[in-house]
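Student: Could we work through this structure together, one question at a time?

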Amino acid sequence: PVLMLGLLVLPFVLMLIKEPALVLTFSVLMDATGIGVPGVSYTTLGLLAKLLLIVVAILGIALGKRGWKGARLAERKPILMLTMIVFVLMATRGTGIRALGGTTWGGMIYINMLLAVVFFFAVNGLIVSSKHIHWMLWGALIAGLFGSLLQQSGFEDAVENQTAAAQSRLSFLTPIANAILPLALVLKLKRARWLVPCIILLCLGLTGLTGFRSRLVGMIAVISGFYFFRSRNRVAFIFKMGTLGVLTWITIVLASPMLPLGLQRAVSFVPGAQIDSRIANDAEGSIEWRIEIWKYCLERAPQYLLLGRGATFDVMETSASLSIEDREVYSPWLAFQTRSYHSGPLTLLIDYGLPGVIAALWLTVVSFRFLWRTASRIALSDSFEARYATYLCVTLLWMWFSFYFVYGGAVGFAGRIFRMGLVYVVCASVLDMQDKQSKKNELISGEEE
């Protein structure tokens, strides 16, 4: 069946060799749905779409029809170092891929990481048109709406018998909130400017209803970062944001008792906010639970400094040693055994060792520097494409920051490398558009003279 399916799909894949930008756009739309593949861990429709692009790129190279040339990027060395570490861990700690005869689970983490690396190099140098950027923005809106609607029924079934705190967290709203936000930032509504703050408030409200504090803070950071790069006077902008922050704090404190429970949980970190006791206990318990996990894992980290522990584990041994209490409270021991540290730095330190930490920090610094410089340059332009590229840069800047200081995991790190591939392509394309426009203006100026 697999061979037959491959033969049926092959002609379509060959057709796509000439349209890599279209495949990249398709992967953005699939990512926007936020839909996972049932029965396959850490696999989403977005991942499958990126895999399609990788296949298209490889076939293009094999047939001599690759229409773009990759640039030499500073990110290449840390990414290759991280790749070597993954291969060493797979060889010494187990692949976690049962199809290869292994007894351990967790190999999809390695597969995600390796696919992210291949994807990054595959799209390096690719140029997309203004048309594709428009498709990414508007298509993501439709895809996000579809993803939220599809996830809603599953969410209702999952929380039917759970606590009020769990039922109040409308996590299925995340795709549509993330899809609407860039519209507010990127579109220039000259005749209805009042719509922009309204749409932004809608996005913040939808994100708040998910109950995730980190998502709400992340959205605020992206919005602030976008306007920071777009502002002509950054000192004045910081002052305005400080004033707006004080007004927002006063509003939250006064309105918090009347907010929906999910939104109350999302703002529970705000000093002075009056939160329902059930929600407050749930939010505080979540923090204490994470701290217990981090303490437990840090005590065991020194033995994995030189050679990481790896992302795989023997699920049969782990299941056999679990107690009922471990399962019910998700104990620190269970989190340690299943590599669920709920911390980016701990994930790197324990699973990948000090070499992994060095490679990851190296990549983060290089990428952060590139994004900051590129956003500062692109934001000076007021085109639709430049605004979208600025939004993507700021989003990835937040993703890097949040991995170390908010929440992160091995698959999350791979997701950031995937995102790097997309952001770098869009930024390179926008800079290319700006250069062409500049040359065109010079030519017109020369003819007039």
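The exchange below concerns a predicted model and takes up two loop residues and then some helices.

Student: Is Tyr 42 buried, partly exposed or exposed?

Tutor: Tyr 42 sits in the loop between helix H2 (20–33) and helix H3 (45–62), and its phi is near 55°, a positive value in a residue other than glycine. Its relative accessibility is 45%, and the class between buried and exposed runs from 20% to 50%. Tyr 42 is therefore partly exposed.

Student: And is Arg 339 buried or exposed?

Tutor: Arg 339 belongs to the loop between helix H16 (332–337) and helix H17 (344–378), and although it is not a glycine, it has a positive phi of about 60°. Because buried means under 20% relative accessible area, the 14% computed for Arg 339 makes this residue buried.

Student: Which residue just after H3 takes a positive phi?

Tutor: H3 itself has 18 residues and reaches 26 Å from its first C-alpha to its last, close to the 26 Å expected. Its buried residues include Leu 47, Lys 50, Leu 53 and Ile 54. Just after this helix, a positive phi of about 70° is taken by Gly 64.

Student: Is H17 roughly parallel or roughly antiparallel to H18?

Tutor: H17 and helix H18 (residues 384–405) pack with their axes 9 Å apart, at an angle of about 155°. Since angles over 145 degrees count as roughly antiparallel, H17 is, relative to H18, roughly antiparallel.

Student: How many residues of the contact of H17 with H18 are nonpolar?

Tutor: H17 passes H18 in a left-handed crossing. The contact has no charged residues and five polar ones, while the number of nonpolar residues is 18.

Definitions and conventions. Residues numbered from 1 in each chain as written. Predicted model: local features only at pLDDT ≥ 70, side-chain atom pairs only at ≥ 80, totals over all residues. Heavy atoms only, no water. Helix = DSSP H or I, 4+ residues; strand = E, 2+ residues; numbered from the N terminus. Buried < 20%, exposed > 50% of the residue type's maximum accessible area, 1.4 Å probe, protein only. Expected span 1.5 Å × (residues − 1). Axes fitted to C-alpha atoms, helices over the stretch in contact; angles between N-to-C directions. Parallel < 35°, antiparallel > 145°, perpendicular 65-115°, else oblique. Left-handed = near helix turned anticlockwise from the far one by under 90°. Nonpolar A, V, L, I, M, F, W, Y, C, P; charged D, E, K, R; others polar.
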